[in-house]
Amino acid sequence: MTTKKKLIAGNWKMNGGIAANDALVRAVVAGLKDAACTVAVCVPAPYLAQVQMLRHGTPLELGAQDVSSHEQGAFTGEVSAAMLKDFGVRYAIVGHSERRRYHGETDQLVADKAKAALAHGITPIVCVGETLAEREAGHTEEVVKRQLAAVVHANGHCISEIVVAYEPVWAIGTGRTATPEQAQQVHAVLRAQLKAATEHAGRMPILYGGSMNAANAASLLAQPDIDGGLIGGASLKAADFLQIIAAAR
Ligand code: PEP
């Protein structure tokens with residue numbers, strides 16, 4: 001059983017607005033006093049400055065939902081790790097399945113994004129996960145290991161600084177959650193892969209993501225290799241998000 005501090009990260013996806021963000025962040029911060037875990041919100045890029053101001057002086061950490069693999073230059077629409085750092089960003093999600101699927105992100109690009117984040121002291125939350133078809137074909141382990149291997153290969157000894165998020169694609173935004181046993185099985189595979197790459201694998205957070213909510217969080221978070229959660233829909237409601245945070249002890 002791991003005893004390290006858990007990490008609960010909200011992924012707002014493309015949701016929010018000035019007024020709604022203000023209310024949500026204030027409500028989350030107000031409920032954080034007794035939190036035993038680290039808590040972050042990964043917000044759309046235009047709201048980083050707003051949320052940075054709202055969270056200032058509180059334990060709430062700030063995250064981005066993506067980062068460019070490039071340092072700077074002619075990459076219209078992209079946001080660099082240095083820019084994120086300017087706004088106090090501590091985490092950046094990379095390789096979310098929605099970016100792999102809708103933006104054609106490859107394992108190599110995800111690995112390069114993780115590298116760019118690390119170079120600027122931002123912790124990449126590297127998402128891996130299989131589709132339903134891949135699971136049903138018995139390829140779950142092969143898929144997540146391939147996705148993680150690209151990141152391990154590109155990042156050398158810095159690999160111990162990443163966070164991994166196992167997010168079965170069939171569980172994201174579907175209301176269908178992996179059972180704690182299904183999730184633990186994959187987390188154990190990922191932990192073993194990290195152990196082969198770094199002596200620090202035991203302290204590296206491996207998060208579960210995919211329809212985690214107030215009702216199922218405790219049983220998922222009780223698994224020995226589940227060190228926190230990446231929360232989509234349920235992070236948009238302060239009460240739900242706070243209940244998940246309370247379950248992360
Ligand atoms: C996510 O987007 O990373 C996610 C886990 O979403 P949801 O919790 O809504 O399934």
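A polar contact here is a pair of N or O atoms within 3.5 Å; inside the protein, one atom must be able to donate a hydrogen and the other to accept it, and residues adjacent in sequence count only if both atoms are side-chain atoms. Before you click around, know that this is a predicted model, where local features need pLDDT of at least 70, side-chain atom pairs count only at pLDDT 80 or more, and totals for chains, interfaces and linings use all residues. Residues are numbered from 1 along each chain as its sequence is written, and side-chain values use heavy atoms, with hydrogens and water left out.

**Stop 1: the ligand**

Select the ligand and then asparagine 11: one of its polar side-chain atoms sits 3.2 Å from a ligand oxygen. Now add lysine 13, where a polar side-chain atom is 2.7 Å from an oxygen atom of the ligand. Glycine 233 joins in with its backbone, a polar atom of which lies 2.9 Å from a ligand oxygen. On its own the ligand would expose 290 Å², and the protein buries 96% of that (areas come from the Shrake-Rupley method with a 1.4 Å probe; for residues, only the protein chains shown count as cover).

Next, show the 14 residues around the ligand, meaning those with a heavy atom within 4 Å of it. Lys13, Glu167, Gly173, Ser211 and Gly232 come nearest. The shell has four nonpolar, eight polar and two charged residues; glycine is counted as polar in this scheme.

**Stop 2: two loop residues**

Go back to lysine 13, in the loop between S1 and H1. Its phi is near 55°, a positive value in a residue that isn't glycine. Then hop to serine 211, in the loop between strand S7 (206-209) and H9. Serine 211 also has a positive phi, about 55°. Is serine 211 buried or exposed? It counts as buried, at 17% relative accessibility (buried is under 20%, exposed over 50%, partly exposed in between, with a 1.4 Å probe and protein chains only).

**Stop 3: helix H10**

Select residues 238-247, which form H10 (helices, H or I, of at least four residues and strands, E, of at least two are DSSP runs numbered from the N terminus). Ala238, Phe241, Ile244 and Ile245 are buried. They cover an arc of only 130° around the axis, so they are on the same side of H10 (the arc is that of the directions from the helix axis to the C-beta atoms). An α-helix has 3.6 residues a turn, so residues three or four places apart point the same way.
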